[in-house]
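Colleague: I'd like a close look at a single part of this model. Please pick the bit with the salt bridge and take me through what surrounds it, step by step.

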Amino acid sequence: ASLMTERGGSGPWGVEGGGPGAVGEGGLLPAGDEARAERLADKGTVGRRAGDVRRVLTPGGGGWGKADGRLGS
């Protein structure tokens, strides 16, 4: 399987004082075993076997505005 993703090292930025979003992550769970989970690079190709699980955690969007409801800095 081939993977081409972004935002694996830093989350999307926020605007008007909002915080950054969550980072994304790709992983492989051999035979579906969470204890053996392997983190994968943002871009690349990986072989899989029957029963392996490919996990993709998508990055969250950056925030807008400050938590107190005010805009800007």
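Modeller: Let's start with the rule: a salt bridge is a side-chain nitrogen of Lys or Arg within 4 Å of a carboxyl oxygen of Asp or Glu. By that rule the count here comes to 1. Before we zoom in, keep in mind that this is a predicted model, where local features need pLDDT of at least 70 and side-chain atom pairs count only at pLDDT 80 or more, while totals for chains, interfaces and linings use all residues. Residues are numbered from 1 along each chain as its sequence is written, and side-chain values use heavy atoms, with hydrogens and water left out.

So who are the partners? The side chain of Glu 34 meets that of Arg 55, at 3.0 Å from N to O. Glu 34 sits in the loop between S2 and S3 while Arg 55 belongs to strand S5, so the contact ties together parts that are 21 residues apart in sequence. (Strands are DSSP runs of E, at least two residues long, numbered from the N terminus.) Are these two buried or exposed? Neither, really: Glu 34 is partly exposed at 49% relative accessible area, and Arg 55 is partly exposed too, at 25%. The cut-offs are under 20% for buried, over 50% for exposed, and partly exposed in between, with a 1.4 Å probe and protein chains only.

Now for the sheet around that pair. Three strands make an open sheet in the order S3-S2-S5, with antiparallel pairing. S3 (38-40) and S5 are the edge strands, each with a single partner, so one side of each has no neighbour in the sheet. From one strand to the next the twist averages 30°, on a scale where angles run from 0 to 180 degrees between N-to-C directions, using axes fitted to C-alpha atoms. Two strands pair if DSSP finds at least two bridges between them. S2 (residues 25-29) has 3 bridges to S3 and 5 bridges to S5.

Gly 26 is a nice spot to see this. Its bridge partner in S3 is Leu 40, and its bridge partner in S5 is Val 56. A little further along S2, Leu 28 stands opposite Glu 38 in S3. S2 is mostly covered, with 4 of its 5 residues buried.

Back to the loop that holds Glu 34. Ala 31 is in that loop between S2 and S3 as well, and its phi is near 55°, a positive value in a residue other than glycine. Most residues other than glycine have a negative phi. Ala 31 is exposed, at 57% relative accessible area. Glu 16 likewise has a phi near 55°; it lies in the loop between strand S1 (2-4) and S2, and counts as partly exposed at 42%.

Next, follow the chain on past Arg 55. In the segment after S5 (53-57) you reach Trp 64, which is exposed at 61%. Trp 64 joins Trp 13 and Val 15 in a nonpolar surface patch with about 410 Å² of accessible area together. Such a patch takes residues with over 30% relative accessible area and no salt bridge, joining nonpolar side chains (Val, Leu, Ile, Met, Phe, Trp, Tyr) within 5 Å and like charges within 9 Å; the areas come from the Shrake-Rupley method with a 1.4 Å probe. Gly 65, also in the segment after S5, counts as buried at 13%. From Gly 65 to Gly 27 it is 38 residues in sequence and 32 Å in space, C-alpha to C-alpha.

Finally, step back to the whole chain. There are 0 helices and 5 strands. The radius of gyration is 16 Å, well over the 11 Å that the globule rule gives for 73 residues, so the chain is more spread out than a compact globule. That radius is taken over C-alpha atoms, and the rule is 2.2 Å times the number of residues to the power 0.38. Along its principal axes the C-alpha trace spans about 50 × 20 × 15 Å, and 21% of the 73 residues count as buried.
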